[in-house]
Amino acid sequence: MPPFPSSLHIFHPSLNHYLKPNFFSLSYFSIPSPKFPLSSQSIPFNPRTLSSVATALSPSENGSGGGGERSASLAGPPVLENSVQKIDVNPPKGTRDFPPEEMRLRSWLFHNFREVSRLFGFEEVDYPVLESEALFIRKAGEEIRDQLYCFEDRGNRRVALRPELTPSLARLVIQKGKSLSLPLKWFAIGQCWRYERMTRGRRREHYQWNMDIIGVPEVTAEAELISSIVTFFKQIGISASDVGFKVNSRKVLQEILRSYSLSENLFAKVCVIIDKIEKIPIDEIKKELNSVGLPQEGVNKLLEVLSIKSLSELEEILGGAGEAIADLKQLFSLAEKFGYSEWIQFDASVVRGLAYYTGIVFEGFDRAGKLRAICGGGRYDRLLSTFGGDDLPACGFGFGDAVIIELLKEKGILPELIPQVENIVCALDHDLQGAAATVATMLREKGQSVDLVLESKPLKWVFKRAARINAQRLILVGNTEYIKGMVSVKILSSGEQSEIKIDELE
């Protein structure tokens with residue numbers, strides 16, 4: 001026998017089952033002591049590498065016929081049958097669990113999103129959480145490129161968890177083509193993923209409500225979208241004194257940059273830089289603007305315009321003939337007609353960070369200044385062509401679920417949502433469990449919610465349970481009553497109790 005088995009023998013797949021997940025020890029195999037000294041410490045190894053080596057050595061023993069199937073090469077790490085591995089019970093950093101109390105809040109929020117969308121005549125759509133990575137890689141400089149959860153799948157395709165919903169919308173519109181009847185009014189509520197620095201109201205996953213209008217070139221579309229958000233705020237108890245909208249047009253920047261003969265190709269880069277104006281020092285903003293080719297005179301002029309908070313002041317600088325001024329004037333006029341003029345204000349510094357915006361842009365903000373943007377959107381008339389489709393006029397917004405909850409907490413108006421069940425049904429004898437199930441089924445078929453007690457419990461426990469789930473009625477199935485075709489019914493709010501025929505329960 002050789003003094004010690006070769007590495008080939010150690011990593012043979014037939015031994016895979018016996019190796020510990022995180023390390024192996026020579027003593028584990030009961031191998032006779034070698035003739036040369038060995039450390040008594042365990043030797044670390046990577047179980048995925050071990051599994052791959054095992055597969056390469058003996059594909060037949062790993063269930064592969066050598067036909068190039070990727071599943072064999074990605075076999076899981078070896079696990080001992082009787083081993084117990086302690087796991088971290090917290091969700092991955094930046095993500096959330098939704099236990100019942102949190103799920104009730106999420107359902108309430110989503111219900112309000114859907115109700116407002118219904119009031120405005122929008123239809124609900126959805127898209128895959130997993131999309132092609134190419135869908136989200138557009139212009140250099142966008143933060144979103146560095147925040148993607150992206151990887152190569154088993155078919156060697158580059159994919160990503162969606163960081164936003166609008167590109168998926170564009171893909172679907174291109175896919176459907178001329179079969180669609182314009183204008184489209186679509187909304188979606190979907191989970192989005194971004195690997196970014198976490199702050200209050202910002203996580204690495206969030207749910208987002210989007211409303212989009214495709215096929216309307218007029219500013220009436222933006223006015224309608226802002227109206228829908230105002231309606232939502234009012235519906236949940238938020239007023240114009242709590243929240244406002246900063247409104248601008250990217251055409252303002254275009255007119256300034258055009259006067260300095262800056263290439264249209266650099267426009268998106270300038271917008272991305274300007275979007276950082278409240279995040280990094282102003283000197284850094286100036287350096288970045290210089291680096292894309294804007295002369296110092298142009299930088300100074302641009303920063304002067306960005307500080308403007310009045311539409312009339314902007315008109316004095318740019319003149320009243322440009323598209324930007326005309327669009328903004330129309331929007332403010334429509335805001336009066338819709339009845340939300342006190343909600344909006346002009347702010348030239350708002351440009352939004354995504355490269356695809358082309359016209360009016362807006363952001364919802366809390367007037368106390370304690371939170372990041374609540375929502376944002378604008379016009380993106382040239383997005384479809386970046387994916388090879390024919391451009392259509394389009395605008396929309398995204399509204400996340402995290403910041404609005406923080407705002408409701410801040411204002412002390414977070415709703416108290418308690419579980420509520422109409423009936424709790426309990427058998428007073430183990431032999432009557434089937435009868436109780438019959439009563440519960442009958443009530444459910446009539447549209448009544450029922451919490452059926454599934455095991456024998458004392459009445460004290462049943463009453464405590466009824467109080468916890470806010471049951472309206474307690475229905476007791478007892479032997480004496482059941483023989484007569486009746487049950488005992490107690491109205492828990494009043495304490496009123498009576499016997500009712502089972503087929504007369506409503």
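Tutor: Let's start with a term: a nonpolar core is a set of buried Ala, Val, Leu, Ile, Met, Phe, Trp, Tyr and Cys residues joined through side-chain atoms within 4.5 Å. Keep in mind that we are looking at a predicted model.

Student: Thanks! How many helices and strands are there in the chain, and what share of its residues is buried?

Tutor: The chain has 16 helices and 18 strands. Of its 506 residues, the buried ones make up 45%.

Student: Which helix gives the most to the largest nonpolar core?

Tutor: That core has 76 residues, and Trp209, Phe232, Phe233, Phe245 and Phe399 have the most contacts inside it. The top contributor, with eight residues, spans residues 220-235: helix 6.

Student: Which residues are in contact with Trp209, leaving aside its neighbours within four places in sequence?

Tutor: Trp209 is one of the residues with the most contacts inside the largest core. With those sequence neighbours set aside, its partners are Phe113, Val116, Ser117, Phe187, Ala188, Ile189, Ser228, Phe232, Phe397, Gly398 and Phe399.

Student: How many residues does the second, separate core have?

Tutor: Val125, Cys192, Ile214 and Ala394 are included in this second core. Cys192 counts as buried because its relative accessibility is 0%, with the cut-off for buried at under 20%. The size of the second core is 22 residues.

Student: Staying with cysteines, how many disulfides does the structure hold?

Tutor: A disulfide is a covalent bond between the sulfur atoms of two cysteines. Cys426, at 1% relative accessibility, counts as buried, and Cys192 is buried at 0%. The number of disulfides in the structure is zero.

Student: Is Gly398 buried or exposed?

Tutor: Gly398 sits in strand 13, which covers residues 394-400. Beyond four places in sequence, Gly398 is in contact with Gln208, Trp209, Asn210, Cys375 and Gly376. Its C-alpha is 8.2 Å from that of Glu164, a residue 234 places away in sequence. The relative accessibility of Gly398 is 14%, so this glycine counts as buried.

Student: How are helix 9 and helix 10 oriented to each other?

Tutor: Helix 9 (residues 282-291) and helix 10 (residues 296-306) have axes that come within 10 Å and cross at roughly 130 degrees. Their crossing is right-handed. At the meeting place, Ile282, Ile285, Lys286, Leu289 and Asn290 of helix 9 face Gln296, Val299, Leu302 and Leu303 of helix 10 by contact. An angle over 145 would count as roughly antiparallel and 65 to 115 as roughly perpendicular, so the two helices are oblique.

Student: Now a lysine: what is the relative accessible area of Lys251?

Tutor: Lys251 belongs to helix 7, residues 250-258. Apart from neighbours within four places in sequence, Lys251 is in contact with Glu323, Ala324, Asp327, Thr358 and Gly359. Between Lys251 and Ala324, 73 residues apart in sequence, the C-alpha separation is 5.1 Å. Lys251 counts as buried because the cut-off is under 20% and its relative accessible area is 19%.

Student: What separates the C-alpha atoms of Leu492 and Phe463?

Tutor: Leu492 lies in the loop between strand 17 (486-491) and strand 18 (497-501), and is partly exposed at 27% relative accessible area. Not counting residues up to four places away, Leu492 touches Phe463, Ala466, Ala471, Gln472, Arg473 and Leu474. Leu492 and Phe463 are 29 residues apart along the chain, and their C-alpha separation is 9.2 Å.

Definitions and conventions:
Residues are numbered from 1 along each chain as its sequence is written. This is a predicted model: local features need pLDDT of at least 70, side-chain atom pairs count only at pLDDT 80 or more; totals for chains, interfaces and linings use all residues. Side-chain values use heavy atoms; hydrogens and water are left out. Buried means under 20% relative accessible area, exposed over 50%, partly exposed in between (1.4 Å probe, protein chains only). Helices (H or I, at least four residues) and strands (E, at least two) are DSSP runs, numbered from the N terminus. Contact means heavy atoms within 4.5 Å. A disulfide is a pair of cysteine sulfur atoms within 2.5 Å. Axes are lines fitted to C-alpha atoms, for helices over the stretch in contact, and angles run from 0 to 180 degrees between N-to-C directions. Angles under 35 degrees count as roughly parallel, over 145 as roughly antiparallel, 65 to 115 as roughly perpendicular and the rest as oblique. A crossing is left-handed if the near helix is turned anticlockwise from the far one by less than a right angle, and right-handed if clockwise.
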